[in-house]
Amino acid sequence: MLTDQHKKSIQTAYSQFLAGRSLKARYGQKLMVAAIARTLGGIARDGAGERDHGKTDGEHICVVEAGTGTGKTVAYLLAAIPMAQAHDKTLVVSTATVALQEQIIHKDLPEVARHSGLEFDYSLAKGRGRYLCLSKLDQLLTDFSGNGVGTSMGLYEDELPQIGEDSANLYRDMADKLATGSWDGDRDNWSDTIEVEDWSRITTDHRQCSGRRCPHVTNCSFFRARERLGKTRVIVANHDLLLADLALGGGAILPPPEESIYVLDEAHHLPEKALNHFSHHSRVGASTGWLDQANKNLGQMLGEIGDGAEIDRCGELLPAVLTSARQGLEQMWPLIEDLCEFEDERGNTVRHRFEGGVVPDSLMQLAEKLREDFDELEALLGKMLQAAQRLLDDPHSPVPTVDLERWYPQLGSWYGRAEANLQLWANYARPDAEGALPQARWVTMVDWGGSMDFEVCSSPILAGKTLEYSLWRRCFGAVLTSATLTALGRFDRLNMRAGTPDNACYEVVPSPFDFSRAKLQVPASAVDAGNADAHTSAVVDALPELLDGEGGALVLFSSRRQMETVYESLPGTWRNRILMQGQQSRQRLLELHREAVDGGGGSVLFGLASFAEGLDLPGNYCRHVVIAKLPFAVPDDPIEAALAEWIEARGGNPFMQITVPDAALKLVQACGRLLRAEGDEGTITLLDRRIVTRRYGRAILDSLPPFTRHIV
C-alpha cells in the first residue's frame, strides 16, 4: 500500500518543485500524481520482492488521460521516481519519438532534479541503429583506400554497395572526429544531416554485431551507452526501442520487464507501433536476388573463413538450400500474379488482401515449401554463426581473426534475412487456429530499382494479446498517459487495441485551459463530405472568407488529393499566403510560418494527418484551425480492413466500433492544435455537415472539449 512515508516524499518533492519554478499547483496535475502514486504504491510484493501476481493482476497498471496543459511529464516523474526507488526498480520512461526523448532528457528531468529535492541519475537509451559501428567504418575505409571505390564485399544487389567520393569523405571526417573525441558516434549528435544510404552502411543490428568479441568493443558507442544504462535507475527510451527489446525477449537492451516500472508517454501510439514490430514481410524479387548473390559470394567466404569443421560442413550444404529457396520464390512470382488483383475500378495500383486472412491452397502449399527451405537455411547459418563466435573466442583459432571479423556481419545479415523469411512463410503456410484472432495477410506491388516487386505481408489485427503477454503481465508496474486515450468518452478503444487489463486504474484528469475561449463552428455553407466534388468546391469557396485576417491559421485535410486540389483552385493571391505540406520540410514550413506571423502578416498552413498531432503553434501562430472533413480513416489499410471484417463476422458493427471512435479521437487531436497555452483563444471551423446530420455526429461532438459552439 501507499505508506505515509511515500506520500510525504512525493508531496514534498511536488511542493519544492512548484516553489523552485515559481509555479502554482494545477488541479489535474495533482489528481494525476495521486492516481500514479496510489497505483504504484499499491503493488503487492512476494518474499523475493517481486510483484505478487495473484494479488495485483492488472491493478499494477495506471492509465491516465491528461488534457493539454496538465503538465503530465512533471506529474509522472514526481510520482513514479520515488515509487520506483521505494520498490528498488528501474523507471523506464518511453515516448513516441526520439525528439520527445531528448526533450525529457535535456529539459524535464534536469528541472525535476534541480528543484524537487529528489536524488536520482538518468540516461537516454537508443537502439544500435542510432550508433556508428566502428568495425563497419574501418572496413569501408580500408576497402576504399585499397580499391579506390568502396565495394564492401558480399552485400546483395538491393543494398547499394557502391560508395562515392562524397560518402568516403564523410566517413573519413567521422573517423577523424571520433579519434579527436569531438563526436561520440551517435547519429543524432552529428552536426549535419546524414543520408539514409550513407548511415545504413556504417550501423548494425543485433544479428550482425559480434558484441564483446569485436576488437572495437571498448570504443563502441553503443556498448558505452549500454554500460551507462546499467548504472542508472531512470532510463528514457522510445516505444520502438522498448518493443524491439520485448521482441528479443526483454532485457536485451533495457532492464527486464520484471525489474521495471514503465511510464509510456503518448501511449496512444503504442498499439500501432506494436503491430509494426510483430508483423512479417518479405519482397519476392529482392529476396530472390539476395539468395542468388549469397550463392555467388559463398565460395569467397568459405575460402577466407573455412575452418575444416562446422563452417565448412554447413557451407557445403548451403548452395543446394539457397538454390531451392530461390526456385521457390521464382515459382511464387507467377502464382501471385495469377491469384491477386492489383487494380481497382479506377485502374489505381492497390494492395491485394486475402479476405479473412485465408490464403489459397496453392499459395499455402508453396509457402510450406519455402518455410522448409528457410528453416533449413536459418539452421545452417545459425550453426555457422555459432562456429564463428567460438573461433573469435579462441586465441588459437585456425582462421585469421581479421577475416572472421570481416565476414561475421555478413553471416549475421544472411541469418536475419533467412529468419524474417522463415517467419513470414510459416505464417502463410498454416491456417489460423480455430477461434483465434485472424491474421491480416496481403500483397503489395512496390517499386524496386525501377522495376516491380511483390511485398508479401502478414500482421496481427490487434496488438492487445501480444502486449498483454509480453508487457502487462510481466512488468512490475506501468503508467500509460496521453492527452488522447479515450474515444467517445470511453477507454474501450485503448482496451481493445492495447490489451490493458480491465481492472487497471483508469483516470481522466482535466486540463487547466478555459475551453470556452475557443469557438467551434459549423457554418451554414458546410456540405456533406460524402459528396467529394461538392465538398471540395465548398471548401474552396469558404476558405478566403474564413481566413481573411492576420495571424496564423492551420487547415487540415484528410487526403492529399483534396488538399492539392483546393490549393490549385484558390486565387493566386491566396496561394502566396499558403504553406503546403510537401512543398518543403516540416521544420522549414514552420519556420516560414512563424516568420510571416512575426512580421505582422498572415500565414496559412495546409497539412494532412501528421499536422493534426504534435504541432505546437501557441498564441498568434494559430488563431484558426479549419478541419475540412471528419477524419475517417481511408478504407484501404489492410490491417484495419481485416479487423473490421473480423468484428462484422462476430455480429458487431465495425463502423460504430472502430471507424467512429477512431475519427472522434483524431478530431480531438486536430482541435487540440488551437489552444496550446492558457491564454490562447481562437476559432475551430469544421466544414463537414455530417457532424450535424448523421446519427454518430452527436456522440463525436460530445466527446470534444467544452468549446463555445456555434453550429448552424
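Helices and strands are here DSSP runs, helices (H or I) of at least four residues and strands (E) of at least two, numbered from the N terminus. The model described is a predicted one. On this basis A252 is placed in the loop between α9 (239-247) and β5 (260-265). With a relative accessible area of 23%, A252 is partly exposed. Beyond its neighbours within four places in sequence, A252 is in contact with R226 and D245. D52 and A252 are separated by 200 residues in sequence, and their C-alpha atoms are 24 Å apart in space.

A second loop position, T203, lies between α7 (196-200) and α8. T203 counts as buried, at a relative accessibility of 11%. Its C-alpha is 5.0 Å from that of L132, although the two positions lie 71 residues apart in sequence numbering. When neighbours within four places in sequence are left aside, the contacts of T203 are R128, G129, Y131, C133 and K136.

Internal space was examined next. The count comes to four cavities of 30 Å³ or more. The largest cavity holds about 220 Å³ of space. Its lining is made of 21 residues, and those nearest the centre of the cavity are C133, S135, T204, C209 and C214. Two or more residues of this lining are given by each of α5 (134-147), α8 (221-229) and α14 (401-429). By class, the lining of the largest cavity comprises twelve nonpolar, six polar and three charged residues. C133, one of the residues nearest the centre of this cavity, is also among the contacts of T203.

The second largest cavity has a volume of about 50 Å³. Its lining consists of L124, A125, K126, Y131, F222, A225, R226, L229 and I253. Helix α8 supplies the largest share of this lining, with four residues. Seven of the lining residues are nonpolar and two are charged, while no polar residue takes part. Two of the residues named here recur in the loop contacts: R226 lines the second largest cavity and is in contact with A252, and Y131 lines the second largest cavity and is in contact with T203.

The largest nonpolar core contains 53 residues, and F374, L377 and W425 are those with the most contacts inside it. The elements that contribute two or more residues to this core are α11 (284-305), α12 (310-339), α13 (361-393), α14 and β9 (451-460). Of these, α13 gives the most, with 15 residues. Outside its neighbours within four places in sequence, F374 is in contact with W290, L291, A325, L329, A418, N421, L422 and W425. A second, separate core has 42 residues, including I10, L18, M83 and V509. Helix α14 thus appears both among the elements of the largest core and among those lining the largest cavity.

Cysteine pairing was also considered. A disulfide is a covalent bond between the sulfur atoms of two cysteines. The structure holds zero disulfides. The cut-off applied to a pair of cysteine sulfur atoms is 2.5 Å. For C220, the closest cysteine sulfur is that of C209, at 6.2 Å, and the distance is therefore too great for a bond. C220 is buried, with a relative accessible area of 15%. For C505, the closest cysteine sulfur belongs to C62 and is 4.1 Å away, so this pair is also too far apart for a bond. C209, the residue with the cysteine sulfur closest to that of C220, is one of the residues nearest the centre of the largest cavity.

Backbone geometry was examined at two further loop residues. S22 has a phi near 55°, a positive value in a residue other than glycine. S22 is found in the loop between α1 (4-21) and α2 (27-41). At 67% relative accessibility, S22 counts as exposed. L488, which is not a glycine, likewise has a positive phi, of about 55°. The loop that holds L488 runs between β10 (477-482) and α16 (492-498). L488 counts as partly exposed, at 27% relative accessibility.

Terms used:
Residues are numbered from 1 along each chain as its sequence is written. This is a predicted model: local features need pLDDT of at least 70, side-chain atom pairs count only at pLDDT 80 or more; totals for chains, interfaces and linings use all residues. Side-chain values use heavy atoms; hydrogens and water are left out. Buried means under 20% relative accessible area, exposed over 50%, partly exposed in between (1.4 Å probe, protein chains only). Contact means heavy atoms within 4.5 Å. On a 1 Å grid over the protein atoms alone, a cavity is a set of points where a 1.4 Å probe fits but cannot get out, and a pocket is an open set with protein on both sides within 12 Å along at least five of seven lines; lining residues have an atom within 4 Å of a point. Grid points are joined across faces, edges and corners, and a volume is the space filled by probe spheres set on the points. Ala, Val, Leu, Ile, Met, Phe, Trp, Tyr, Cys and Pro count as nonpolar, Asp, Glu, Lys and Arg as charged, and the others, Gly among them, as polar. A nonpolar core is a set of buried Ala, Val, Leu, Ile, Met, Phe, Trp, Tyr and Cys residues joined through side-chain atoms within 4.5 Å.
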